[in-house]
Amino acid sequence: MGVGAIAGVNILAFNHARSMLWFTDGGEVTERPEKLSLSEKVRVLVSGVNIPRPEGATTPLDWDLEYESGRIECDNGIELGYWHIPSRAAESVVLMFHGYRGDKSTLLEEAKVLRDLGYATVLVDFRGSGSSSESYTSVGFVEGEDVAHALRFVKETLPYRRHVLFGQSMGGAAVLRAVYDCGVQPNGIVIESVFDDIVETVSNRFEVMGLPSFPAAQLMMFWGGKQLGFDSFSHKPVVYAEAVRCPILFMHGSEDMRARIEEGRRVFDAVPGEKRFLEFGGLGHQKIVTKDRGGWVEGVRWLMGRN
C-alpha cells in the first residue's frame with residue numbers, strides 16, 4: 001500500500017471515529033448498520049455517520065411518575081442532567097445510566113417497573129446527552145467519571161441507605177469503569193448487554209455491515225482515543241470487572257450482535273464475588289424489560305435481595 005493510500009485510510013478512520021464520538025446539532029440520524037443498503041454503507045464508510053445529540057421528548061409524567069429534575073455540577077466543570085423519581089418510604093435507590101445514542105428518557109420503562117417494585121430511581125444523562133453539558137461520548141470510558149460524580153451527589157443529597165448502579169450497554173461499561181478506576185462502592189450492580197473490550201464492539205459493528213474489521217476497527221480506536229485524549233485500547237470492561245466487590249447481576253440477549261453473549265459471559269467470569277448471569281433467548285441488543293418483563297423483574301429482585 002502506497003503512502004497516499006495509507007494516508008487516505010487514516011483520514012477516513014479519523015473522520016469516521018469523529019462522527020461516532022461527537023454529536024451533531026441536528027439532521028437525520030444515520031440508520032443502524034443492519035438497516036443500510038450497500039450504497040448507504042459505502043457512503044457511511046466515506047463520510048461517517050450523523051448522530052444528533054440524544055434528547056428524548058418524553059418525561060416521567062408520560063409514565064405517570066412524579067419526579068424532580070436537576071443538574072449535577074461535577075468538579076471537572078461538566079454538568080449532568082438527572083431525574084429523581086422517589087418511591088414512598090424507599091430505603092434503596094437505583095442510579096440508572098443509558099446506552100450509546102441514548103439519554104435518560106430511554107430508561108423510563110425500567111424506572112416505572114422499579115418504582116412499582118418499591119424502589120426510588122435517579123436517571124442520569126451522560127455528558128453529551130439530554131440536559132447534560134458537552135457534545136461527545138467515549139462509549140463508556142470517561143463516562144465512568146460521570147457515574148462516580150452522580151453516586152457521590154446522590155449519597156450527599158438524597159436520603160437513601162442503599163445505592164445500586166444500573167447500566168445498559170455503554171452504561172454498564174461506564175459503571176464497571178467507575179468501580180475499577182474511580183473507586184466507587186455501590187451496594188449492588190445490574191448490567192445489561194455489556195461488551196468485554198471496546199475493540200470487540202467496534203469490530204462487531206463492521207461485521208454487522210458485512211465488512212472486514214481489520215484494520216479499520218483498530219484505526220478508528222486509535223484516532224478516537226487521540227481526539228478525546230485517552231488510551232482507547234485500555235477500555236476493557238472485562239478488566240474492570242475484577243474490581244467488583246458487591247453482588248452483581250448480568251442480563252444479556254442470546255442473539256446480541258453488538259455485544260455478543262460470549263463477551264458478556266467473559267465479563268461475568270471476571271467478577272470474583274457474588275454474581276448471577278441471566279440469558280434471554282432470542283433477544284438482540286435491545287431493552288430486555290420490554291420483551292421479558294417477568295424475567296427482568298425476577299433478576300432485579302434477586303439482586304435487591306442480596307443485602
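## Ser-169 and the approach to α5

Ser-169 is buried, with a relative accessible area of 14%, in this predicted model. The residue occupies the loop between β5 (162–168) and α5. Its phi is positive, near 55°, although Ser-169 is not a glycine. Most residues other than glycine have a negative phi.

Arg-101 shows a positive phi as well, of about 70°, and is likewise not a glycine. This arginine is found in the loop that links β3 (92–97) to α3 (108–116). Is Arg-101 buried or partly exposed? With a relative accessibility of 24%, Arg-101 counts as partly exposed, because the buried class ends at 20%.

## The largest pocket

Ser-169 and Arg-101 are both among the residues closest to the centre of the largest pocket, together with Tyr-100, Arg-258 and His-285. The pocket has a volume of about 930 Å³, and 39 residues line it.

Three elements give two or more residues to this lining: α1 (3–21), α6 (198–208) and α7 (216–228). The most comes from α7, which gives five residues.

## Helix α5

Helix α5 covers residues 170–181. Its end C-alpha atoms lie 16 Å apart, in agreement with the 16 Å that its 12 residues should span at 1.5 Å a residue. The expected span is 1.5 Å times one less than the number of residues, which is why 12 residues give this value.

The helix is mostly covered, with 10 of its 12 residues buried. These buried residues run from Met-170, Gly-171 and Gly-172 through Ala-173, Ala-174, Val-175 and Leu-176 to Arg-177, Ala-178 and Val-179. After α5 comes Gly-183, whose phi is positive, near 70°.

## Nonpolar cores

In soluble globular proteins, nonpolar side chains tend to be buried together. The largest nonpolar core in this model has 64 residues, and Leu-95, Phe-97 and Phe-250 have the most contacts inside it. The largest share of this core, seven residues, comes from α5. Apart from it lies another core, of 28 residues, including Leu-65, Phe-166, Leu-283 and Val-300.

Which residues does Leu-95 touch, leaving aside those up to four places away in sequence? Its partners are Val-122, Ala-150, Leu-151, Val-154, Val-164, Leu-165 and Phe-166.

## Packing of α9

Helix α9 spans residues 261–270, and its buried residues are Ile-261, Glu-263, Gly-264, Val-267, Phe-268 and Ala-270. These buried residues pack against the helices α5, α6 and α8 (237–240). They also pack against the strands β7 (248–253) and β8 (275–280).

## Cysteines

How many disulfides does the structure hold? The number is zero. A disulfide is a covalent bond between the sulfur atoms of two cysteines, and a pair counts here when the sulfur atoms are within 2.5 Å. The sulfur of Cys-182 has its closest cysteine sulfur in Cys-74, 11 Å away, and this is too far for a bond. For Cys-246 the closest cysteine sulfur is that of Cys-182, at 15 Å, which is also too far for a bond.

The two residues differ in burial class: Cys-182 is partly exposed, at 31% relative accessibility, whereas Cys-246 is buried, at 10%.

Terms used:
Residues numbered from 1 in each chain as written. Predicted model: local features only at pLDDT ≥ 70, side-chain atom pairs only at ≥ 80, totals over all residues. Heavy atoms only, no water. Buried < 20%, exposed > 50% of the residue type's maximum accessible area, 1.4 Å probe, protein only. Helix = DSSP H or I, 4+ residues; strand = E, 2+ residues; numbered from the N terminus. Core = buried A, V, L, I, M, F, W, Y, C linked by side-chain atoms within 4.5 Å. Contact = heavy atoms within 4.5 Å. 1 Å grid on protein atoms, 1.4 Å probe; cavity = no way out; pocket = protein on both sides within 12 Å on 5 of 7 lines; lining within 4 Å. Points joined across faces, edges and corners; volume = space filled by probe spheres on them.
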